[in-house]
Amino acid sequence: MSEINTLKLSLGVGYEYYLKNSVLNGDLPLVNPDSELSFNIFVGNLHLRLHEKFSYQETLLHNSIASAQDSFFNFNNVGVFKRWDNFAGVNADWDLNRLILSVGYDHENFDSSTPSYEYLNRASEWLTASASFLIAIRPRSALNHKGAGISTKLRRHSMTIGKCEVAPSWT
Amino acid sequence: MDLKTQSKLSFRAGGGYDRARYDAPAESSDFETYYAYGRVSQETRLFTHSLSAGHEHQLGDNANNLETTYIRYAITSSALQHWELGANVAVLFAEEFGGTFREHFTYPLVGLRAGYQIHKYWRTDLVYEFLLKDSDLALRSFYGNRVTLGLGFSF
């Protein structure tokens, strides 16, 4: 697109084969939750990010290749839970040097293809807002003990404080 | 709160107060408690690793609430060209409650992963995971060994 305005696609596809319980093997490949199409737009110090995140999963685990996931659907006597999940929305970051204000909106559609779990089908609206303030701390920054011949190593620390995020949703 | 030092150590911590009220409350659905999490991670020349722990509430699958307390360690390394290797260990203590259903369960999980960049845009991942669920209710404990082969495309 351009040097800073970029279109990105990340698509992860997999297949899970059950060795002991082959009756659970599916017919379709799975689409990882990390799959996403995103469009980054920079206008001055405003960063807009339009994104479409999608997945198709069948196991009870919340799959994610990129990061360790350890939660699962706590169903009983069920091996397969076919489901589509789709997030579409926009995030905006306004960079005011040390202060970064962010807002976001997402629309989620969760759709179960397993009839007994259709009660989990839902559409959700996600609103997020956050503010980050950056503080650089230089402890003992100019401390040199010349007499002892010791030069204290200058260390820079950066700290982000006051970062809060709220994510109300309704279905 | 986030804190990052020049030595590539980073700390993240947060917490708050959780309160749930249901408009048609089933037995013991409402609760008031805290949530908290913490994470410390370090980047080195050869690997990145992190240790995290937390206590939080989510919506349950069988009952209104799922309360979890967890501790997790993860390590990844890109020291080998084209490869990304990783491992993770976690233990979670959970209680699902709210309504007629109540279950306490513990589940340790161990994962190993190896990712290989085949081409500029293509990547493949091989993942092994072992999960053990130990429940206080009959017929709700299980274990699983899982191997996943994934193919990724990104540009």
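In this predicted model, B:His82 counts as exposed, because 11 C-beta neighbours lie inside 10 Å and a residue with 12 or fewer is classed that way. Its place is in the loop between β5 and β6 of chain B. The backbone here deserves a second look: phi of B:His82 is near 75 degrees, a positive value in a residue other than glycine. Most residues other than glycine have a negative phi.

Chain A offers a companion example. A:Asn97 is not a glycine, yet it has a positive phi of about 70 degrees. A:Asn97 lies in the loop between β5 (83-96) and β6 (99-112) of chain A. With 7 other C-beta atoms within 10 Å, A:Asn97 is exposed.

The loop that holds B:His82 is a good place from which to walk through the strands of chain B. Strand β5 (residues 65-77) and strand β6 (residues 83-97) of chain B pair in the antiparallel sense, and 13 bridges connect them. Within this pairing, B:Ile71 stands opposite B:Val91 in β6(B). The two strands form a hairpin with five residues between them, and B:His82 sits in the turn.

The next step along the chain brings another hairpin. β6(B) is joined to strand β7 (residues 103-117) of chain B by 14 bridges, and these strands run antiparallel. Here B:Glu95 stands opposite B:His104 in β7(B). Five residues separate β6(B) from β7(B) in the hairpin, and in its turn B:Gly98 has a positive phi of about 110 degrees.

From β7(B), the path leads on to strand β8 (residues 122-135) of chain B, to which it is joined in antiparallel fashion by 11 bridges. B:Leu109 stands opposite B:Leu131 in β8(B), and the hairpin of β7(B) and β8(B) has four residues between the strands. Strand β8 of chain B is in turn joined by 12 bridges to strand β9 (residues 142-154), again running antiparallel. One facing pair in this part is B:Asp125 and B:Gly150, the latter in β9(B). The hairpin of β8(B) and β9(B) has six residues between its strands, and B:Leu139 takes a positive phi near 65 degrees there.

Seen as a whole, chain B has zero helices and nine strands, so its pattern along the sequence is simply β-β-β-β-β-β-β-β-β. The C-alpha trace of chain B spans about 55 × 40 × 30 Å along its principal axes. Its radius of gyration is 19 Å, whereas a compact globule of 155 residues would have one near 15 Å. Of the 155 residues in chain B, 16% are buried. Among contacts in chain B with a separation of 6 or more, 44% come from residues 24 or more positions apart.

A last residue brings the two chains together. A:Tyr15 belongs to strand β1 (residues 6-15) of chain A. Apart from neighbours within four places in sequence, A:Tyr15 is in contact with A:Pro29, A:Leu30 and B:Leu149. A:Leu30 is 15 residues away from A:Tyr15 in sequence, while their C-alpha atoms are 5.7 Å apart in space. A:Tyr15 has 15 C-beta neighbours inside 10 Å and counts as partly exposed, because that class lies between the 12 or fewer of an exposed residue and the 20 or more of a buried one.

Key
Residues are numbered from 1 along each chain as its sequence is written. Chains are lettered from A and ligands numbered from 1 in the order in which they are written. This is a predicted model: local features need pLDDT of at least 70, side-chain atom pairs count only at pLDDT 80 or more; totals for chains, interfaces and linings use all residues. Two residues are in contact if their C-beta atoms, placed from the backbone, lie within 7 Å. Two strands pair if DSSP finds at least two bridges between them. The radius of gyration is taken over C-alpha atoms; the globule rule is 2.2 Å times the number of residues to the power 0.38.
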